[in-house]
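Here's a short set of exercises on how helices pack against each other. Have a look at the fold, try each task, then check the worked solution.

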Amino acid sequence: MKTEIGTDLKIAIEQLQKGELVAIPTETVYGLAADGTNNLAIHKIFEAKGRPKTNPLILHFSNSEAISPYIKDFPKELEKLAELFWPGPLTLLLNKSNLVPDIITSGHDRVAVRVPAHSITLDLLKNLPFPLAAPSANLYGKISPTKTEHVFNQLKGKIPYILEGGPCNKGLESTIVGMENEKLIIYRLGSISVEDIENVLGFKPKVNINSNETPLTSGMVKHHYAPTTPLFFIDSINDIDKTNSYGFIFFQNDFMGVSNKIILSETGNLNEAARNLYNAMHTMDSQGFEKIYIERFPENELGRTINDRLKRATAKFEQ
Ligand code: TXA
Ligand code: MG
């Protein structure tokens, strides 16, 4: 199959209505979208990504009202978050109605829903009679795409169309929130920080991002978001490369004076670092280095989300 990249909404609409896959831009990362009510189309997502069927999908809508038929109720705490953060990088787990196919939720009672903040994709959603099921548009376990070229490199030949929407503005996946026994829980750290949610609620939400049993979200899987080149945290000055065969990703500082490096934010801005992170990882991964080293982030705001992703991305290569 030939994979085209373009800005033509009509092509995207046609392909999605035919039950084909289209990669779509969002403010977090690019998504791999299909008609969220069409079982055959949804199956193609799992096939193209090599993703296990036990891993449920997020449904994307143009606004809150459009979600109503697909859920049973909307707890008021979550409704408040939706009002404040949608369109935006917030995913809510809500009790699903019968309209949601079981393959979307992997048989769970709750469905993940979100209204993305990207004008092209909101336009697309408004022109479709169904929500879009969309995981990140990468191969399973690999780094999420924040540019169309990242999608193309991983999925070319497997999907007909990639809708161009420029580089993703946030660069980290959405924050996943739900309720258990009337308590609000964060299930995946994301583009909205714990502090952002705490500020709105007036108390610290519970964070449950690791699962020893069957992972509830892929953000809970220990090995994830990984490049092909072995990736390690910089732990000491001894990690400096003497042979020039390692690549380095720094937050703000260039303290080691090495040559193969990307600095994520010269001004030490966490939003900017988040926006640049996955692109830096894709870029370093394509350069044939023996190893990539990356600096740890401060454990607050988006630094916490970045460290979470990097722990999972480096876990595979731990000796
Ligand atoms: O920012 C994002 O959320 C991006 C863009 C494209 O919207 N999407 C994304 O999807 O990151 P994905 O599939 O790569 O990650 C979604 C996570 C998965 O870890 C999945 O297990 C979890 O959401 N999830 C989806 N439905 C769920 C459900 N019903 N219950 C629990 N977890 C769920
Ligand atoms: Mg993903």
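Two helix pairs from this predicted model follow, each with a task and a solution.

**Exercise 1**

Task: work out how helix α9 and helix α10 are oriented relative to each other, and what residues make their contact.

Solution:
- Start with the geometry: α9 covers residues 270-285 and α10 covers residues 301-315, and the two pack at an angle of about 20° with their axes 9 Å apart.
- Angles under 35 degrees count as roughly parallel, so α9 and α10 are roughly parallel to each other.
- As for handedness, α9 and α10 cross in a left-handed sense.
- Now the contact itself: α9 brings in Leu270, Asn271, Ala273, Ala274, Leu277, Tyr278 and Met281, while α10 supplies Glu301, Leu302, Gly303, Ile306, Arg309, Leu310 and Ala313.
- Sort the residues of this α9 and α10 contact by class and you get ten nonpolar, two polar and two charged.

**Exercise 2**

Task: do the same for helix α4 and helix α8, starting from the angle at which their axes cross.

Solution:
- The axes of α4 (residues 76-85) and α8 (residues 194-201) cross at roughly 115° and come within 11 Å.
- The range 65 to 115 degrees counts as roughly perpendicular, so α4 is roughly perpendicular to α8.
- The crossing of α4 with α8 is right-handed.
- On the α4 side you'll find Lys80, Leu81, Leu84 and Phe85, which meet Asp196, Ile197, Val200 and Leu201 of α8.
- Split by class, the α4 and α8 contact has six nonpolar and two charged residues, with no polar ones.

Conventions: Residues numbered from 1 in each chain as written. Chains lettered and ligands numbered in written order. Predicted model: local features only at pLDDT ≥ 70, side-chain atom pairs only at ≥ 80, totals over all residues. Heavy atoms only, no water. Axes fitted to C-alpha atoms, helices over the stretch in contact; angles between N-to-C directions. Helix = DSSP H or I, 4+ residues; strand = E, 2+ residues; numbered from the N terminus. Parallel < 35°, antiparallel > 145°, perpendicular 65-115°, else oblique. Left-handed = near helix turned anticlockwise from the far one by under 90°. Contact = heavy atoms within 4.5 Å. Nonpolar A, V, L, I, M, F, W, Y, C, P; charged D, E, K, R; others polar.
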